[in-house]
Amino acid sequence: MEGSYPGRVLLVILIIFHFSVHINASTTRPVRSSSRPRISHKNREDHYIKTSCKTTLYPKLCYRSLSSYANKIKTDPKILAHTALNVTLTATRSTSRLMRRISKIRTLRRRERAAIADCVEVVGDSVEELHRSMEEMDSASETNFTAVMSDVQTWVSAAMTDDGTCMDGCEEGAIRGRVKILVRRHIVRIAHLTSNALVFVNSYASSTGNLP
């Protein structure tokens, strides 16, 4: 027999050690994925809302008001603009009802009553303008897209102006105390929502790739 007995034993031990190290290394080595993790539809849609809202003046309000509609909006700029208008219209209608209730408070001073009456009128106009803008957007087609979206932009801008008119009454001191705080809080909110909606309307209107 070739080689001494101790030498053969040592050789066997070395072979066993080599294979045990190789097996342990192969079982503990992390498995590499053949492709990057896929972003879920939900995360992609939410990311679209966040990214879009960053282009507005009031991104936090924008995201709070639209994030629950991410599944509906997906990544569609038309649906984003339409949904932003709808959210704004709902809030403006609620504010319009509030203005009418406030106008019936008997303890209002004459100047306050006049300012609230102005708010009732202009916020009511804002409701009509936002409603009209949504109807106009629904009628857009490839042949009338530019003209229709120009009208939509005009209506939404007019709604912003009306909100500002009511705000002016608060800032000029015509309305005071708790009534001023209440009115201002609601008017500021709908003015900011309208501003955000107009950003999305403008973005949708400016891209030829958005033609229906």
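Welcome to this predicted model. Start by selecting Arg100, which you will find in helix α5, the run of residues 77-102. Show its side chain: Arg100 is partly exposed, with a relative accessible area of 41%.

**Stop 1: a positive patch**

Keep Arg100 selected and add Arg93, Arg97, Arg101 and Lys104. Together with Arg100, these residues form a positive patch on the surface. Colour the five side chains in one shade and turn the model until they face you.

**Stop 2: the whole chain**

Now zoom out and switch to a cartoon view. How many helices and how many strands does the protein chain have? It has eight helices and zero strands. If you follow the sequence from start to end, the pattern reads α-α-α-α-α-α-α-α. Of the chain's 212 residues, 35% count as buried.

**Stop 3: the nonpolar core**

In soluble globular proteins, nonpolar side chains tend to be buried together. To look at this here, select Ile49, Leu66, Leu85, Val183 and Phe200. The largest nonpolar core has 51 residues, and these five touch the most other members. Which helices supply at least two residues each to this core? They are α2 (41-53), α3 (59-66), α4, α5, α6 (110-138), α7 (145-171) and α8 (177-206). Colour α8 brightly, as the largest share of the core, eleven residues, comes from this helix.

**Stop 4: a residue in α8**

Stay with helix α8 and select Leu198, which lies in it. Is Leu198 buried or exposed? Leu198 counts as buried because its relative accessible area is 12%, below the 20% cut-off. Next, add Ala84 and draw a distance between the two C-alpha atoms. Leu198 and Ala84 are 114 residues apart in sequence, while their C-alpha atoms are 8.6 Å apart in space.

**Stop 5: Lys74 and its partner**

Side chains of opposite charge can pair when their charged atoms come close. By the rule used here, the count comes to five salt bridges, and you can visit some of them now.

Select Lys74, in the loop between α4 (70-73) and α5. The backbone deserves a look: Lys74 has a positive phi of about 55° although it is not a glycine. At 42% relative accessibility, Lys74 counts as partly exposed.

Now add Glu45. The side chains of Glu45 and Lys74 meet in a salt bridge, with 3.8 Å from N to O. Which parts of the chain does this pair tie together? Glu45 lies in helix α2 and Lys74 in the loop between α4 and α5, so the pair links parts that are 29 residues apart in sequence. Compare the two ends of the bridge: Glu45 is buried, with a relative accessible area of 9%, whereas Lys74 is partly exposed at 42%.

**Stop 6: a pair within one helix**

Stay in helix α2 and select Asp46 and Lys50. These two residues form a salt bridge whose closest N and O atoms are 3.7 Å apart. Both lie in α2, four residues apart, which is about one turn of the helix. Lys50 is partly exposed, at 40% relative accessibility.

**Stop 7: the loop before α6**

Move on to Arg109, in the loop between α5 and α6. Its relative accessible area is 33%, and Arg109 is partly exposed. Add Glu112 to see another salt bridge: the side chains of Arg109 and Glu112 meet at 3.7 Å, N to O. Glu112 counts as buried, with 7% relative accessibility.

While Arg109 is still selected, add Ile175 as well. The C-alpha atoms of Arg109 and Ile175 are separated by 8.8 Å, and the two residues are 66 apart along the chain.

**Stop 8: a negative patch**

For the last stop, select Asp125, which is found in helix α6. Asp125 is partly exposed, with a relative accessible area of 32%. Add Asp118, Glu121 and Glu128 to complete the view. With Asp125, they gather in a patch of negative charge on the surface.

Finally, show both patches at once in two colours. One is the positive patch that includes Arg100, and the other is the negative patch that includes Asp125.

Technical notes:
Residues are numbered from 1 along each chain as its sequence is written. This is a predicted model: local features need pLDDT of at least 70, side-chain atom pairs count only at pLDDT 80 or more; totals for chains, interfaces and linings use all residues. Side-chain values use heavy atoms; hydrogens and water are left out. Patches are made of residues with over 30% relative accessible area and no salt bridge: like charges are joined within 9 Å, nonpolar side chains (Val, Leu, Ile, Met, Phe, Trp, Tyr) within 5 Å. Accessible areas come from the Shrake-Rupley method with a 1.4 Å probe; for residues, only the protein chains shown count as cover. A salt bridge is a side-chain nitrogen of Lys or Arg within 4 Å of a carboxyl oxygen of Asp or Glu. Lys and Arg count as positive and Asp and Glu as negative; His and the chain ends are not counted. The place of a charge is taken as NZ of Lys, CZ of Arg, CG of Asp or CD of Glu. Buried means under 20% relative accessible area, exposed over 50%, partly exposed in between (1.4 Å probe, protein chains only). A nonpolar core is a set of buried Ala, Val, Leu, Ile, Met, Phe, Trp, Tyr and Cys residues joined through side-chain atoms within 4.5 Å.
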